[in-house]
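Welcome! Take a moment to turn the model around on your screen, and then let us walk through it together.

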Amino acid sequence: MSFSSFELLDHSKPMLVFGRDGQVGKALQVCLKDLKIPVVFLGRDECDLANVDSIRQVLNHYQPQVIINAAAYTAVDKAEGERELAFAINTLAPKVMAQYATGVDHGVLVHYSTDYVFADTQKTPYFEADQAGPIDQLCLYGKSKLAGEEAIKDTFNLVHDSGDAKYQDRFSKYLILRTSWVYGDGENFIRKILQLTSDQTQIKVVDDQMGVPTSAEWLAAMSVKMIDSNIESGIYHVVPDGETSWHGLAALAIETAQSEGADGKLKNIIPVVTEDHPTLAKRPLNSRLNNTKFKKALSEIGFEGQYPHWQNQVKAYIKENIATSLKYGEFDEGYLCQ
Ligand SMILES: NC(=O)c1ccc[n+]([C@@H]2O[C@H](COP(=O)([O-])OP(=O)(O)OC[C@H]3O[C@@H](n4cnc5c(N)ncnc54)[C@H](OP(=O)(O)O)[C@@H]3O)[C@@H](O)[C@H]2O)c1
């Protein structure tokens, strides 16, 4: 049986969203705009997640019942040289949020994590129960995100097992939503590819890293659905159906853009292998997350909508965003090899 968690919330307490200006943060702004509960979105200027005091200050000020952490240190290659900062933002900050959430009646912490917590230990898509790591084979970003997941789990387990009356019957929970290859309103692979269509005739794209492209808009909508339910604490793989390589994603993006009237200068997408194009941060070849547990949880709360396939979401995104995508600026990522 499912119930609406929103009905249990104290409507005088705002929902607090960190990461206002990121892809997922912007998508959450759209999803949450008509919510009856007040929602406060915080960007870096209002709260620097590298600063624990700043996080505690805003939590104490707003006293939220629901916290959504859509902020993260996401510069995968740069993280290799900024260990301390990446761990502060991706590990310590969510731990502080978890410490706060455990002490709140019906408190909920939603936190996003990544496919990069897995390091090619298997050839098939990963379930939530599969062992992440091994840690020494993860890139620094993956290590910091995995440590963030563990900090949240440990914090909740510790207080719930402590028998401390302060935490008994709080019914607080955490939802760690692992996702992959996110695209929305911001810098992402699809926008970069589309931008290249106007000034390149050929590009090289990695064809041996496999994953599931995920729409930020859909991820945000799924997050809200999960908050507003009795889905239990845990890790969930929130990705659409299907899988592809970066090359496969680039090919579909260009085909769709050209069918929508984009300039067709880019004709040749050359598939290349990761081994020949090393990046600062090592990325897993198998980035595929299995979504069975998430789909089961959705069906148990009565979700009857059609579960999406990544291709349909990408096509819809390109159709909606084509003008913006073609204008988008430079950024640096490891799956494009120029
Ligand atoms: N993008 C992907 O492909 C992908 C894949 C798997 C998982 N994820 C996870 O999904 C979540 C959302 O990703 P996204 O794509 O929306 O990321 P994004 O677009 O890079 O946004 C991250 C946000 O975090 C904010 N941030 C970074 N450092 C901060 C700090 N010290 N204090 C406050 N805010 C800070 C950034 O602020 P500024 O705007 O000021 O820089 C930015 O708005 C993250 O947890 C990420 O790890 C993403």
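**A guided walk from the sheet to the pockets**

A good place to start is a right-handed β-α-β unit, which is made by strand 3, helix 4 and strand 4. Helix 4 covers residues 83-101, strand 3 runs over residues 66-69, and strand 4 takes in residues 108-114. Please keep in mind as you look that this is a predicted model.

Now step back to see the sheet to which these strands belong. It is an open sheet of 6 strands, with parallel pairing and the order 2-1-3-4-5-10. At its edges are strand 2 (39-42) and strand 10 (234-237), each of which pairs on one side only. Direction ignored, neighbouring strands of this sheet are turned by 20° against each other on average.

Let us stay with strand 4 for a while. On one side, strand 3 pairs with strand 4 in the parallel sense over 4 bridges, and here you can find Ile68 opposite Val110. Strand 4 also pairs with strand 5 (residues 173-179), again in the parallel sense, over 7 bridges. In that pairing, Leu109 stands opposite Tyr174.

Is strand 4 mostly covered or mostly open? It is mostly covered, as 7 of its 7 residues are buried. Follow the side chains along the strand: Val108, Val110, Tyr112 and Thr114 point one way, Leu109, His111 and Ser113 point the other way, and all are buried.

The loops on either side of strand 4 deserve a visit too. Most residues other than glycine have a negative phi, and most peptide bonds are trans. With that in mind, look at the loop between helix 4 and strand 4, where you will find His106. This residue is not a glycine, yet its phi is positive, at about 50°. His106 counts as partly exposed because its relative accessibility is 27%, and partly exposed covers the range between 20% and 50%.

Beyond strand 4, the loop that leads to helix 5 holds Pro134. A cis peptide bond joins Gly133 and Pro134, with omega about 0°. Farther along, Trp181 sits in the loop between strand 5 and strand 6. Trp181 also has a positive phi, near 45°, and is a residue other than glycine. Is Trp181 buried or exposed? At 8% relative accessibility, Trp181 counts as buried.

Next come the open spaces. Rolling a probe the size of a water molecule over the atoms shows where empty space is left. The largest pocket holds about 1,500 Å³ of space. Its lining has 50 residues, and those nearest the centre are Gln23, Ala72, Tyr73, Thr74 and Ala75. Several elements give two or more residues to this lining, among them helix 2 (23-31), helix 4, strand 4 and helix 5 (140-162). By class, the lining divides into 25 nonpolar, 12 polar and 13 charged residues.

The second largest pocket has a volume of about 330 Å³. It is lined by 17 residues, with Ser215, Glu217, Tyr317, Glu320 and Asn321 closest to the centre. Which helix supplies the largest share of this lining? That is helix 10, with 5 residues. Helix 2, helix 7 (216-227) and helix 10 (310-327) each supply at least two residues. The lining of the second largest pocket is made up of 7 nonpolar, 5 polar and 5 charged residues.

Methods:
Residues numbered from 1 in each chain as written. Predicted model: local features only at pLDDT ≥ 70, side-chain atom pairs only at ≥ 80, totals over all residues. Heavy atoms only, no water. Buried < 20%, exposed > 50% of the residue type's maximum accessible area, 1.4 Å probe, protein only. Pairing = 2+ DSSP bridges. Right-handed = clockwise from strand over helix to strand, strands pointing away. 1 Å grid on protein atoms, 1.4 Å probe; cavity = no way out; pocket = protein on both sides within 12 Å on 5 of 7 lines; lining within 4 Å. Points joined across faces, edges and corners; volume = space filled by probe spheres on them. Nonpolar A, V, L, I, M, F, W, Y, C, P; charged D, E, K, R; others polar. Axes fitted to C-alpha atoms, helices over the stretch in contact; angles between N-to-C directions.
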